[in-house]
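Here is a short report for a reader who is new to this structure. It starts at the ligand, then turns to helix packing and to the backbone.

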Amino acid sequence: MTAPTPRPGILDIKPYVPGKSGTEDGDARPVIKLSSNESALGPSPLAIAAAKEAVDNIVRYPDGGATALREAIGKRWDLDPARIICSNGSDEVLETIPKVYAGPGDEVLYSQYGFAVYPIATMAAGATPVTAPESDYRTDVDAMLAGVTERTRVVFLANPNNPTGSYIPASEVRRLREGLREDILLVIDAAYAEFVSRDDFTDGAELVHDSNNTVMTRTFSKIYSLAGLRIGWLYGPTEIVDALNRVRAPFNVNSLAIAAATAAIADEEHVTKAREHNDGWLPRLTQSLRGMGLIVHDSVVNFLLVRFPSGPEQAKAAEAFLISRRIFVRNLGAYGIADGLRINIGLDHEMEALTDALAAFMEQA
Ligand SMILES: Cc1ncc(COP(=O)(O)O)c(C=O)c1O
């Protein structure tokens, strides 16, 4: 019997491994979920109210152009709404890009520990993923440029990067763009931009303004805490926005997401609160974990890459120990960082439970 067969390469894709949530294991004890980089404080009450109100009208299709949201984004970030696409999480637009700009025989380049969606998106398009080594868990622009071949069509740059928490400064992003051929599309994935408080950081928007080959992607899943609604966006040159709009699903963004994200933008106070909470915990958690003998990489976002000095077995044991206390962090085996765990900043009591647990683990180790 013959059966439908996926295109060559599809079954070589390693499925995306989401952060452990605990809802599937039948254990009723409360969970501390620090595995998916969601924001600690949750969404703005205005966003929740707007989503609830939008429920009354779900009989209707959403606005396929997400006009109200694009206008709100344009106003907030001083961008032309006509050059914005809203998408079903930024994942959706990241997945669409290789479909439109790369295919069999083409290469898509990103750094060694680049975000896990890049290889999936690349292989789904039939293109070949190519990675450039990082230096000390940070994007290395020279290595990226050395990874370019005549087949390179797209370069993904997560800045800051997940799962490392590191970033490269604006001057390095510019150097990368200037070193790439003009026909290579540079995708600056700035999912965590709102958390960064460094003067030399850029979300990349200024590189998009006058270019015809650079886009920036953003999300409402992180500081805005709307991950469950799946809502992100892209800012790019008119021609690229036009091409991507032809391929995306006509009603890719649902009406609850449009309403909630539009309301979330208006609540700047809530965003400030979320940033301040993060700014308070990031150095505190870093110092306290370093004090236990853990290798904690400098982070500018809402999560830490924590590596275990005795190696992968110790990381595995630590993860199991945390799970026994119902604390879920991200295993990084799929990223090739087997001695590491990724831990995001949570609420005060969650951070205290985490540090207590890791201190107990390290003492017994
Ligand atoms: C670097 C990076 N880019 C993009 C995303 C996708 O976010 P979303 O699809 O929820 O907008 C994530 C989520 O973890 C991420 O870490």
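In this predicted model, 13 residues surround the ligand. Those that come nearest are S90, D189, Y192, T219 and S221. Helix α3, residues 89-101, gives the largest share of this shell, with four residues. By character, the shell divides into four nonpolar, five polar and four charged residues.

Side chains of Y192, S221 and K222 each place a polar atom by an oxygen atom of the ligand. The table lists the distances.

| Residue | Side-chain atom | Ligand atom | Distance |
|---|---|---|---|
| Y192 | polar atom | oxygen | 2.7 Å |
| S221 | N or O | oxygen | 2.6 Å |
| K222 | N or O | oxygen | 2.9 Å |

How much of the ligand's accessible area does the protein cover? On its own, the ligand has 400 Å² of accessible area, and the protein covers 94% of that.

**Helix packing**

Helix α9 spans residues 255-266. One of its partners is helix α2, residues 67-77. The axes of α2 and α9 come within 9 Å and cross at roughly 20°. An angle under 35 degrees counts as roughly parallel, so α2 and α9 are roughly parallel to each other. Their crossing is left-handed.

Helix α1, residues 45-55, also packs with α9. Here the axes are 7 Å apart, and the angle is about 150°. Are α1 and α9 roughly parallel or roughly antiparallel? Angles over 145 degrees count as roughly antiparallel, and α1 and α9 are therefore roughly antiparallel to each other. The crossing of α1 and α9 is right-handed.

**Backbone details**

Most peptide bonds are trans, and most residues other than glycine have a negative phi. Some places in this model depart from those habits.

Which residues does a cis peptide bond with omega of about 0° join? They are N159 and P160. P160 sits in the loop between β5, residues 152-158, and α6, residues 170-179. The peptide bond from N162 to P163 is cis too, with omega near 20°. P163 is likewise in the loop between β5 and α6.

N37 has a positive phi, near 60°, and is not a glycine. Where does N37 lie? N37 is in the loop between β1, residues 32-33, and α1. Helix α1 is the one that packs with α9 at about 150°.

Technical notes: Residues numbered from 1 in each chain as written. Predicted model: local features only at pLDDT ≥ 70, side-chain atom pairs only at ≥ 80, totals over all residues. Heavy atoms only, no water. Near = heavy atom within 4 Å. Polar contact = N/O pair within 3.5 Å; in protein donor to acceptor, adjacent residues only side chain to side chain. Areas by Shrake-Rupley, 256 points an atom, 1.4 Å probe, with all protein chains shown as cover. Helix = DSSP H or I, 4+ residues; strand = E, 2+ residues; numbered from the N terminus. Nonpolar A, V, L, I, M, F, W, Y, C, P; charged D, E, K, R; others polar. Axes fitted to C-alpha atoms, helices over the stretch in contact; angles between N-to-C directions. Parallel < 35°, antiparallel > 145°, perpendicular 65-115°, else oblique. Left-handed = near helix turned anticlockwise from the far one by under 90°.
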